[in-house]
Amino acid sequence: MSGGRFDFDDGGTYCGEWRNGKAHGYGICTGPKGQARYEGSWHNGFEASGVYVWPNGHRYEGEWCNGRRHGLGVEIRGKWTYQGEWEEGFKVRYGVQKCESGAKYEGSWTSGLQEGYGIEIYADGGYYYGQWKTGMRSGYGIRSIRREPKDYYTNITRSCSRQSNNSAEAANGILPLKDKKSKGDKKNKSDNPDLPSPKSGSESDNASQSESMNSSGSIQIGVDGEATLEEPQKPAPVKLVRELYKGEWKNDKRHGYGLLETSDGFKYIGQWSENMRHGLGIASYPDNTKLEGEFSNDVFVSSIKKQSSIKSLVTRFKQRLQIACEAAIQAGDISVQKSHMSLSRAAAARDRALEAGAAGERARQEAVIAKRRARDLIQRTPNSLNVPIPKD
């Protein structure tokens, strides 16, 4: 088998073995100005198994077919690593994607996106088990998260190790809505009499001031008149609250019917829209407060007791509320079933990831052989002395 160096019209270079005028065997190919680089084995002019490095540092280690990633392989893109199956350059069927932060997805893929069933583990320890569509949570699924205790339930969002600021969260409807007061209001009360009243501004200010003073420590005068600095008191450890949602999803948001429970006693059963309680539902709070009626954009707006004085209208409203709650409970049961299917798909994805890791190791070995063959060819070919000798 012959070999040598070939310069392409676009500035790229191939240095390695060939047969019948095509790259065949082991060799190294670089793009224009040496930007991209492939090292590995070749078959009839196409990559077979090796390592490809992009100008930005991203790399792929694995199998190829007809010039595209195809088969099993490993892709490293910044903090993210994917191990699994490939088809014509896209992630397909089963694979595992991990992040350095600890977040990961295990499940099925189609055309490079999560599709079908899978599980996603987040950097904060939360998880989602359920259905996916075009890379987003859609269908039925279970979402769990641990958060600090709050007065009322708040929305949860998909983090997947991506850190988002408050402004972005507010735009997505994640942060609780702030009550808007008119200029004439002097009392800090909720607009809805059925909701518990929040703390007044003065109380919260006093609380924050006292907290800041306690954190800075205090000076005590002893019996002998000497001043001593008292160590600040350490705050008690915060016990995290577990939040669990079971129900329908659409475009990565809770949408449809579902139920949410927290370990501190909050529970909501009913309708959702765009990640907020919207429609008919029942909310139960830790202080035994219970709201039954209609919600709009996460705000309780209408109670059964205030619907109408006509008994038939009240009865009809109760029936609609009961139907919505039953649908939410049913959606929760279906989500549990779908989560079991997701776990089985995740197990298959982990098996494929192990096979892809082995394929990546073979590709790295092929790349080492290609470097040695190219170096030998450069040293033996007089007209290739100006080609940089590859390093092991």
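**Overall build and two buried residues**

The protein chain comes with 3 helices and 21 strands. Keep in mind that this is a predicted model. Of the 392 residues in the chain, 39% are buried. As for how the chain folds back on itself, take the contacts between residues at least 6 apart in sequence: 32% of these link residues at least 24 apart. On the outside, the chain exposes about 22,700 Å², and carbon and sulfur atoms provide 49% of that area.

Two residues give a feel for what goes on locally. Start with Thr13, which sits in strand S2, a stretch covering residues 13-19. Its relative accessibility is 16%, so Thr13 counts as buried, the cut-off being under 20%. The side chain of Thr13 also makes a polar contact with the side chain of Asp7, at 3.3 Å. Setting aside neighbours within four places in sequence, Thr13 touches Arg5, Phe6, Asp7 and Phe8, and it is also in contact with Ile28, Cys29 and Thr30. Asp7 therefore turns up twice, as a contact of Thr13 and as its partner in that polar pair.

Next comes Gly332, found in helix H3, which runs over residues 311-380. With a relative accessibility of just 2%, Gly332 counts as buried because the value is under the 20% cut-off. Once neighbours within four places in sequence are left out, Gly332 is in contact with Lys246 and Gly247. What separates the C-alpha atoms of Gly332 and Glu248 in space? The answer is 8.0 Å, although the two residues are 84 residues apart along the chain.

How values were computed. Residues numbered from 1 in each chain as written. Predicted model: local features only at pLDDT ≥ 70, side-chain atom pairs only at ≥ 80, totals over all residues. Heavy atoms only, no water. Helix = DSSP H or I, 4+ residues; strand = E, 2+ residues; numbered from the N terminus. Buried < 20%, exposed > 50% of the residue type's maximum accessible area, 1.4 Å probe, protein only. Contact = heavy atoms within 4.5 Å. Areas by Shrake-Rupley, 256 points an atom, 1.4 Å probe, with all protein chains shown as cover. Polar contact = N/O pair within 3.5 Å; in protein donor to acceptor, adjacent residues only side chain to side chain.
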